[in-house]
Amino acid sequence: MTARLEKLQALSRDLANAPGQVALIARCKHAPALSVSINPDQPIASASVIKAAIACAAADLAERGALDLRQAIPKGDLNDTFYCSILEAFDPGDTLSLKALIGLMLIVSDNPATSVVLDAVGMDTVNDWCAANGMTGTNLSVGFEDASLGAPLRANLTTAQDCLTLLQTIDTQPRYAFIKHMLQNNLRNERIPKRLPDDALIAHKTGTLAGLVHDIAIVESPVAAYYLVIVADGLTDDAAFARDMATFSEAVYEVMTN
């Protein structure tokens, strides 16, 4: 254990030395002593990783009967966007359930889908859910419509520790099983999952802004099970950090399996 922990610590220090603000946590699910945290409580713009918390708040409302995830939403009712959206594959008269929109929010991080879900749930409800579940460093004050993307979106904050709490909550609470399944089908896989073996299931959510590269993940395979949180802002080379993140993730996997 000592050698593995020392290796994990060294790997983590190397990644955290990148120019910018880097926070990370790697924690084995079955041997929590095999764990490293760097800057876990440092506030950082949450970007799209907070969409997983929005999904959880929706699930809680649905469980209480206060929200119907089967509700049909006409595609034509969704906000237009300047940016690419998977919703452009649908005709204006097509309908999608609220649960399907949660899937698009998580699997392809679609912002118009997120706006509909957030309108149905309510920003205050999401913040209350975060506070009730121990995510005290997380706040949602700006939505995901086009006008809020970029600099305004940095008003939404989180921490690496809160991201770990979010992953653990999704992982251990049965009512969030459908959310974990959606995260396992994330199509943005160039960071934590990129170099991991095909038999590994990675339930993860990315976040991306200029100078910001996030990925938070539950990694499970026949030989490993752990949480990995990497959140970084103020980067000078986003693409290079994403590559370094993938290399780091592969090395963490090797430590967790030895």
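**Exercise 1.** How are H2 and H3 oriented to each other? Work it out from the axes in this predicted model.

*Solution.*
- Step 1: Start with the geometry. The axes of H2 and H3 cross at roughly 160° and come within 9 Å.
- Step 2: Apply the cut-off. Angles over 145 degrees count as roughly antiparallel, and H2 and H3 are therefore roughly antiparallel to each other.
- Step 3: Add the hand. H2 and H3 cross in a left-handed sense.
- Step 4: Look at the side chains. H2 contributes Lys 51, Ala 52, Ile 54, Ala 55 and Ala 58 to the contact, while H3 contributes Ile 102, Met 105 and Leu 106. By class, this contact of H2 with H3 has 7 nonpolar, no polar and 1 charged residues.

**Exercise 2.** Now take H3 with H4, and describe their packing by angle, hand and contact residues.

*Solution.*
- Step 1: H3 spans residues 98–107 and H4 spans residues 111–121; they pack at about 130°, with axes 8 Å apart.
- Step 2: This angle does not pass the 145-degree limit for roughly antiparallel. H3 and H4 are therefore oblique to each other.
- Step 3: The crossing of H3 and H4 is left-handed.
- Step 4: From H3, Leu 98, Leu 101, Ile 102, Leu 104 and Met 105 meet Ala 113, Thr 114, Val 116, Val 117 and Ala 120 of H4. The residues in the contact of H3 with H4 comprise 9 nonpolar, 1 polar and no charged.

**Exercise 3.** Repeat the analysis for H3 and H7: which hand does their crossing have, left or right?

*Solution.*
- Step 1: H7 covers residues 177–184, and the axes of H3 and H7 come within 8 Å, crossing at roughly 45°.
- Step 2: H3 and H7 are therefore oblique to each other.
- Step 3: The crossing of H3 with H7 is right-handed.
- Step 4: Lys 99, Ile 102, Gly 103, Leu 106 and Ile 107 of H3 make the contact with Phe 178, Ile 179, Met 182 and Leu 183 of H7. In the contact of H3 with H7, 7 residues are nonpolar, 1 is polar and 1 is charged.

**Exercise 4.** Place these contacts in the nonpolar core: which residues touch the most other members?

*Solution.*
- Step 1: The largest nonpolar core has 62 residues, and those touching the most other members are Leu 101, Ile 102, Trp 129, Leu 166, Ile 179 and Val 229.
- Step 2: Helix H2 (residues 51–63) supplies the largest share of this core, 9 residues.
- Step 3: Zoom in on Leu 101. Leaving aside residues up to four places away in sequence, Leu 101 touches Ile 73, Leu 78, Leu 87, Leu 96, Ala 113, Val 116 and Val 117.
- Step 4: Another core, of 34 residues, lies apart from the largest one; Ala 16, Val 36, Ala 224 and Val 252 are among its members.

Key
Residues numbered from 1 in each chain as written. Predicted model: local features only at pLDDT ≥ 70, side-chain atom pairs only at ≥ 80, totals over all residues. Heavy atoms only, no water. Axes fitted to C-alpha atoms, helices over the stretch in contact; angles between N-to-C directions. Helix = DSSP H or I, 4+ residues; strand = E, 2+ residues; numbered from the N terminus. Parallel < 35°, antiparallel > 145°, perpendicular 65-115°, else oblique. Left-handed = near helix turned anticlockwise from the far one by under 90°. Contact = heavy atoms within 4.5 Å. Nonpolar A, V, L, I, M, F, W, Y, C, P; charged D, E, K, R; others polar. Core = buried A, V, L, I, M, F, W, Y, C linked by side-chain atoms within 4.5 Å. Buried < 20%, exposed > 50% of the residue type's maximum accessible area, 1.4 Å probe, protein only.
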